[in-house]
Each structure stands twice: as structure tokens, then as C-alpha cells.
Amino acid sequence: MDGLATASRFVRKFEFSSAAEPAAEAPPLVIRALVPEVMNRSYGLYTWPCAPVLAQYVFHERRRFAGAHVLELGAGTALPSIVAAKLGAAVVVTDCARAPQLLANCERALELNGVSARALGLSWGLVSPELLQLPPLDFVLGSDVFYDEPLFEDVLRTVAFLLEASPRAQFVFTYQERSADRCLEPLLVKWRLRARQVPLAEFGADGPSLAGSDLPGNHSIQLYVVTVRQP
């Protein structure tokens with residue numbers, strides 16, 4: 001038993017469509033994703049408001065993600081990874097190495113959507129042999145990975161390692177503003193990274209409901225693209 005059998009299970013549906021885009025394909029491209037959630041168990045087992053915003057970015061940038069090598073940090077229900085994989089990306093989903101139920105849920109999500117991806121246990125801030133064996137990446141994704149301030153530097157230490165190994169890669173993350181006192185800039189400077197905020201309206205994510213869901217709601221979500229800071 002995986003420890004989840006007694007929890008309440010739910011499958012959330014998302015549908016991303018290019019129909020509303022100014023230069024949409026004809027007919028419009030539609031990608032559907034099924035996300036298994038386990039309520040009242042763990043932060044990583046249900047879909048937070050940041051996830052559909054990041055998935056919408058991936059869908060909007062689909063020409064860049066098609067055929068790309070993608071790794072998602074703290075994947076949880078893996079919605080951005082599912083969309084990337086359905087666009088033709090080679091995907092690695094990662095979550096806490098000490099919480100096998102999170103990786104099990106990732107694998108269930110991938111299986112439910114009929115996509116192939118590698119699931120990898122990862123401890124933020126540590127360089128594992130598996131990380132050293134990864135192929136060059138094009139994108140590192142992170143949905144609401146900056147939720148616990150004591151872990152911010154561990155996340156960025158891992159990101160810095162991945163971008164150093166793949167200097168042309170980008171770390172794209174969504175952030176839910178929970179406190180005006182939190183600031184990533186000093187840590188970005190320390191790890192020789194720079195961040196650019198992307199307005200949500202640029203990729204159709206500025207409304208309270210995305211992909212046929214009730215997320216992100218009225219939460220304040222931001223999206224950033226992080227690259228290696230050049231000397």
C-alpha cells in the first residue's frame with residue numbers, strides 16, 4: 001500500500017486551447033490534461049494556483065517546448081510537465097526524494113495522460129549522481145517552489161547547478177505572493193542568476209480561470225524567467 005489508499009482521491013481536468021490566440025492554428029490546438037489529486041495529505045498532492053499559470057506559459061510557448069529537454073522541480077501533480085510532454089518535450093519530473101508518495105503521484109499523473117517521462121527523486125540543495133547524468137536541458141520548470149522561505153536558497157542552489165551544466169537553459173517559475181517581505185534578489189545575485197518577470201497577459205494567463213478550471217482564482221501569481229548572469 002502506498003499510504004494514499006485511505007485519502008480522498010480526485011481527478012481534475014484542464015483543457016488548454018489556442019482558439020483565443022491572435023494567430024491561432026486552424027483548427028485550434030487543444031491539449032487536455034488529467035491531474036490526480038489526493039486531498040488533505042500533502043502540499044504536493046493537489047494542484048496549487050501557480051501550476052495552471054506555468055502550464056499556460058508552456059502551452060503558449062509550445063514551439064519552443066516541442067522537442068525540448070525539460071526538468072520540473074517539485075512537480076507534485078505535474079501539470080506543466082504533462083503539457084510539455086504532450087507538446088513533444090522530453091521530460092524529467094522530480095520531487096522530494098524523501099517522499100515516495102509524491103513521486104508515485106507524479107507517475108500516476110503521467111500514466112493517466114498517456115505520456116512518457118522519467119520520474120526522479122531529488123533533494124534540493126544536493127547534487128545527486130542522477131543529476132550528474134542528466135542530458136543538457138533547455139528548460140527547468142518550477143511551480144510554486146518558493147513557498148517555504150528557509151528552502152529558497154536550496155532551490156536556487158539546485159537551479160544554479162542545472163543552469164551551469166546547461167548554460168543556454170532557462171529556469172521558468174511561477175510564484176504566489178504570500179508576503180511582501182519576501183525577496184529573492186539577494187539570493188539570485190549570490191548564485192549568479194538574473195530574473196525577468198513576464199506579464200501574465202503576454203501568454204493569456206491574466207484571468208482568474210485557466211484551461212477550464214477555477215484556478216488561479218484571485219491569487220497574486222507572477223512568472224519569471226531566470227538565466228545565468230553573465231560576468
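The legends below describe close-up views of a predicted model.

Local features are reported at pLDDT of at least 70 and side-chain atom pairs only at pLDDT 80 or more, while totals for chains, interfaces and linings use all residues. Residues are numbered from 1 along each chain as its sequence is written, and side-chain values use heavy atoms, with hydrogens and water left out.

**View 1. The largest nonpolar core contains 44 residues.** A nonpolar core is a set of buried Ala, Val, Leu, Ile, Met, Phe, Trp, Tyr and Cys residues joined through side-chain atoms within 4.5 Å. Buried means under 20% relative accessible area, exposed means over 50%, and partly exposed lies in between (1.4 Å probe, protein chains only). F65, L79 and L223 touch the most other members of this core. At least two residues each come from β1 (8-17), β2 (30-39), α1 (50-60), α3 (79-86), β4 (90-96), α4 (100-112), β6 (139-143) and β9 (221-228). Helices (H or I, at least four residues) and strands (E, at least two) are DSSP runs, numbered from the N terminus. The most is given by α1, with eight residues. A second, separate core has 29 residues, including F146, F152, L156 and F173. In soluble globular proteins, nonpolar side chains tend to be buried together.

**View 2. The surroundings of F65 and V58 are shown by their contacts.** Contact means heavy atoms within 4.5 Å. With neighbours within four places in sequence left aside, F65 is in contact with Y57, V58, V70, A84, L87, G88, A89, F139 and L141. V58 lies in helix α1 and is buried, with a relative accessible area of 0%. Under the rule that leaves aside neighbours within four places in sequence, V58 is in contact with F65, P80, V83, A84, L87 and L141. The C-alpha atoms of V58 and L141 are 9.4 Å apart in space, for a sequence separation of 83 residues.

**View 3. E21 and R62 form a salt bridge between distant parts of the chain.** A salt bridge is a side-chain nitrogen of Lys or Arg within 4 Å of a carboxyl oxygen of Asp or Glu. The N to O distance of this pair is 2.8 Å. E21 sits in the loop between β1 and β2, and R62 in helix α2 (residues 62-65), 41 residues apart. R62 is buried, at a relative accessible area of 5%. R62 also lies over the face of F59, 4.6 Å from the ring centre; the criterion is NZ of Lys or CZ of Arg within 6 Å of the ring centre and within 35 degrees of the ring normal. The whole structure holds 12 salt bridges.

**View 4. Helix α6 carries a salt bridge between D154 and R157.** The side chains of D154 and R157 meet at 2.8 Å, N to O. Both residues lie in α6 (residues 152-165), three residues apart, about one turn of the helix. An α-helix has 3.6 residues a turn, so residues three or four places apart point the same way. D154 is partly exposed at 24% relative accessibility, and R157 is partly exposed at 29%. In α6, F152, V155, L156, T158, V159, A160, L162 and L163 are buried. The expected span of a helix is 1.5 Å times one less than its number of residues. For the 14 residues of α6 this gives 20 Å, which agrees with end C-alpha atoms 20 Å apart.

**View 5. R229 and E185 form a salt bridge.** The closest N and O atoms are 3.6 Å apart. R229 is in the segment after β9 and E185 in helix α7 (residues 185-190), with their positions 44 residues apart in sequence. R229 is partly exposed, with a relative accessible area of 26%, and E185 is partly exposed, with 39%.

**View 6. Two aromatic pairs link distant parts of the chain.** Rings of Phe, Tyr and Trp (its six-membered ring) pair if their centres lie within 6.5 Å; planes under 30 degrees apart count as stacked, over 60 as edge-to-face and the rest as tilted. The whole structure has 10 aromatic pairs. Y57 and F203 are edge-to-face, at 5.3 Å centre to centre and 90° between the planes. Y57 lies in helix α1 and F203 in the loop between β8 (193-198) and β9, 146 residues apart. Both Y57 and F203 are buried. F173 and Y224 are stacked, at 5.3 Å centre to centre and 20° between the planes. F173 lies in strand β7 (residues 170-176) and Y224 in strand β9, 51 residues apart. F173 and Y224 are both buried. Ring pairs link F146, F152, F171, F173 and Y224 into a cluster.
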